[in-house]
Amino acid sequence: MCTTAVARRCLRSGALALAAGLYLAGPVRSTAAGEWRSIGPHAGSISVLAVSTSAAGQLFAGSAAGVFRSRNGGTSWQPAGLAWEAVRSLVIHPQSPEGVLAGTGTAIWRTGDGGASWERAWNDSWADGVLDV
């Protein structure tokens with residue numbers, strides 16, 4: 001396990017990679033050499049990136065084209081629903097990597113199956129959208 005104190009060594013050994021979401025470039029990941037490379041998905045601007053704390057390599061990305069999921073650290077991505085929503089925020093359940101909340105312009109959505117199906121968890125017709133969950 002990599003801790004803050006040994007992050008540099010872990011990064012050099014390939015045991016730790018940092019991930020970030022860039023507005024126009026989408027998600028990027030650090031390499032052992034300290035460089036950044038794009039990891040997709042290439043679905044327009046990515047507005048949010050969530051990294052699972054309980055399932056190694058699992059990432060969710062939110063965009064104007066819905067949610068995308070990677071189970072291999074960003075090497076490949078699959079659509080994970082809400083394609084009709086602009087996703088502004090995501091949070092993955094800390095003990096259940098299949099449980100995700102997504103904040104959109106109209107509601108908070110929840111899935112317990114990794115994005116195969118979604119249900120509204122909260123809706124407010126007066127709201128300007130959910131910026132954070």
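Two strands pair if DSSP finds at least two bridges between them. Strands (E, at least two residues) and helices (H or I, at least four) are DSSP runs, numbered from the N terminus.

This is a predicted model: local features need pLDDT of at least 70, side-chain atom pairs count only at pLDDT 80 or more, and totals for chains, interfaces and linings use all residues. Residues are numbered from 1 along each chain as its sequence is written, and side-chain values use heavy atoms, without hydrogens and water.

**Exercise 1. Find the strand partners of β6.**

Solution.
Step 1. Take the overall order: from the N terminus the elements run α-β-β-β-β-β-β-β-β-β-β-β. That is one helix and eleven strands.
Step 2. Look at strand β5 (residues 59–63). It pairs with β6 in the antiparallel sense over five bridges. Two residues lie between β5 and β6 in this hairpin.
Step 3. Turn to strand β7 (residues 78–79). β7 and β6 are antiparallel too, over two bridges.
Step 4. Check Phe68. Its bridge partner is Ala61 on one side and Pro79 of β7 on the other.

**Exercise 2. Describe the surroundings of Ser70.**

Solution.
Step 1. Place the residue: Ser70 belongs to strand β6 (residues 66–70).
Step 2. Get its exposure. Buried means under 20% relative accessible area, exposed over 50%, partly exposed in between (1.4 Å probe, protein chains only). Ser70 is buried because its relative accessible area is 0%. In β6, five of five residues are buried.
Step 3. List the polar partners. A polar contact is a pair of N or O atoms within 3.5 Å; within protein, one must be able to donate a hydrogen and the other to accept it, and residues adjacent in sequence count only if both atoms are side-chain atoms. The side chains of Ser70 and Asn72 make such a contact at 2.9 Å. A polar atom of the Ser70 side chain also lies 2.8 Å from the backbone nitrogen of Gly74.
Step 4. Add the other contacts (heavy atoms within 4.5 Å). Beyond four places in sequence, Ser70 touches Gly57, Gln58, Leu59, Thr75, Ser76 and Trp77.

**Exercise 3. Decide which region to read with caution.**

Solution.
Step 1. Use pLDDT, the predictor's confidence in each residue, from 0 to 100. The protein averages 75, and 61% of the residues score at least 70.
Step 2. Find the weak stretch: residues 1–16 stay under 50, and the model has twelve contacts for them beyond four places in sequence.
Step 3. Apply the rule. Where pLDDT is low, the predicted coordinates should not be read in detail.
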